[in-house]
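Subject: Structure handover and findings

Hello,

Please find the structure below, with its sequence. My notes on what was found in it come after.

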Amino acid sequence: MKLMLKVFRVFNLSIPRSIADRLSSDELRAAIQYFSSRYNLDLTSQGVIGASIFLSLVFTMFSSFIVIKIFSLSLFSSVFIFLLLFLSLYFYFSTYLNRRFKYERSLFAKYSYFVLEEMYLALISTGSLVDAIAFICDGNYPKISGDFKEILLQCSSGSPPEYLIKRYAFSQPSTSLKEGLIAMVSSPPSTSKKLIRVFSSFSSSEIRKYFRDYLTKLEIYCLIIIMLGLLLPISMIFLSSLFLVSSSALLLVLVPIQFFILMLLSYFFMKQPIKPLG
């Protein structure tokens, strides 16, 4: 993750701001703001879009040159492959931060209920917010426990825990965890329990929203697999007969490319499986 952020920062192609604003979305800006704050990097939407265009051009030129030289393709086929590779790579690079941001946001939302409940139990048992923070550090929650360890180190240096928790609440991506942490440090334990229950129910609705998004994404993945596995070969055979291209030569090129694309897509689709809690 940090490597990709550094790549976006180094390979920064200067493009007009108006073009970058058109190509970037609100979600990309939110992802850039989150990762810039989390990793102390100076990232902008203009820089990310420029780096995506630059990296896509470099990889497309190199890959297209190899493919064209090996298969001796015509001008039309070469232009088609170049555009296809460029658009695919640009989509991958330009949406990388969005995908990582959605993943981390769903991860924080998934564990927010458990974090709030355990913090409350530790807070009413010990009466110390620092002990409640230390309790979450030992919980082995992905991302969250590591962040709380840094908060605990800052508390040992003399920083007030209430200020650190509030600052962390606004820096992490989950809305339910943010509201619950703010309620915990802003209200006495006797009333914060009711507030945490409200935000816990909000957390479940937030998780359901991300689950619906995941199902939508899964349907799109299935459609892509069906298109590449069934519709693309039929279309290519039809085009070969239409333009009088040798079907045997087309099969020698199409079959390996199709298998490679399917394997590559299967790897990326299953790279971050959803793990059950408990």
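The notes below cover salt bridges, cysteines, one helix face, a surface patch and one residue near the start of the numbering.

Please keep in mind that this is a predicted model.

Salt bridges

The whole structure holds six salt bridges. In general, side chains of opposite charge can pair when their charged atoms come close.

One of the six is between Arg29 and Asp26, whose closest N and O atoms are 2.8 Å apart. Both residues sit in helix H3 (residues 26-39), and because they are three residues apart there, about one helical turn separates them. Arg29 is partly exposed, at 31% relative accessibility, while Asp26 is exposed, at 63%.

Arg38 pairs with Asp147 in another salt bridge, at 3.1 Å from N to O. This pair links distant parts of the chain: Arg38 belongs to helix H3 and Asp147 to helix H8, with the two positions 109 residues apart. Asp147 is buried at 11% relative accessibility, and Arg38 is partly exposed at 25%.

A further salt bridge joins Arg100 to Glu104, with 3.7 Å between the closest N and O atoms. The two are four residues apart in helix H6, so about one helical turn lies between them. Both ends are buried: Arg100 has a relative accessible area of 16%, and Glu104 has 0%. Apart from that pair, Glu27, Lys102 and Arg105 are joined into one network by salt bridges that share partners.

Cysteines

How many disulfides does a search of the whole structure find? The search finds zero. For Cys137, the closest cysteine sulfur is that of Cys155, and the distance of 9.0 Å is too far for a bond; a disulfide would need the two sulfur atoms within 2.5 Å. Cys137 is buried at 5% relative accessibility, and Cys155 is buried too, with a relative accessible area of 13%.

Helix H9

Helix H9 covers residues 161-171, and its buried residues are Pro161, Leu164, Ile165, Tyr168 and Ala169. Viewed down the axis of H9, these residues fall within an arc of 135 degrees, so they line one face of the helix. What do the buried residues of H9 pack against? Their partners are four helices: H6 (96-126), H7 (129-137), H8 (144-156) and H10 (175-186).

Surface patch

Leu223, Ile226, Met227, Leu230, Leu231 and Ile234 make up a nonpolar patch on the surface. Together they have about 600 Å² of accessible area. Ile234, one of the patch residues, lies in helix H11 (residues 189-242). Ile234 counts as exposed, because its relative accessibility is 52% and the cut-off for exposed is over 50%.

Arg9

Arg9 is found in helix H1 (residues 2-10) and is partly exposed, with a relative accessible area of 46%. Neighbours within four places in sequence aside, Arg9 is in contact with Leu41 and Leu43. Between Arg9 and Gly50 the C-alpha to C-alpha distance is 9.8 Å, although the two are 41 residues apart in sequence.

Regards

Methods
Residues numbered from 1 in each chain as written. Predicted model: local features only at pLDDT ≥ 70, side-chain atom pairs only at ≥ 80, totals over all residues. Heavy atoms only, no water. Buried < 20%, exposed > 50% of the residue type's maximum accessible area, 1.4 Å probe, protein only. Arc of directions from axis to C-beta. Contact = heavy atoms within 4.5 Å. Patch = residues over 30% accessible without salt bridge, like charges linked within 9 Å, V, L, I, M, F, W, Y side chains within 5 Å. Areas by Shrake-Rupley, 256 points an atom, 1.4 Å probe, with all protein chains shown as cover. Salt bridge = Lys/Arg side-chain N within 4 Å of Asp/Glu carboxyl O.
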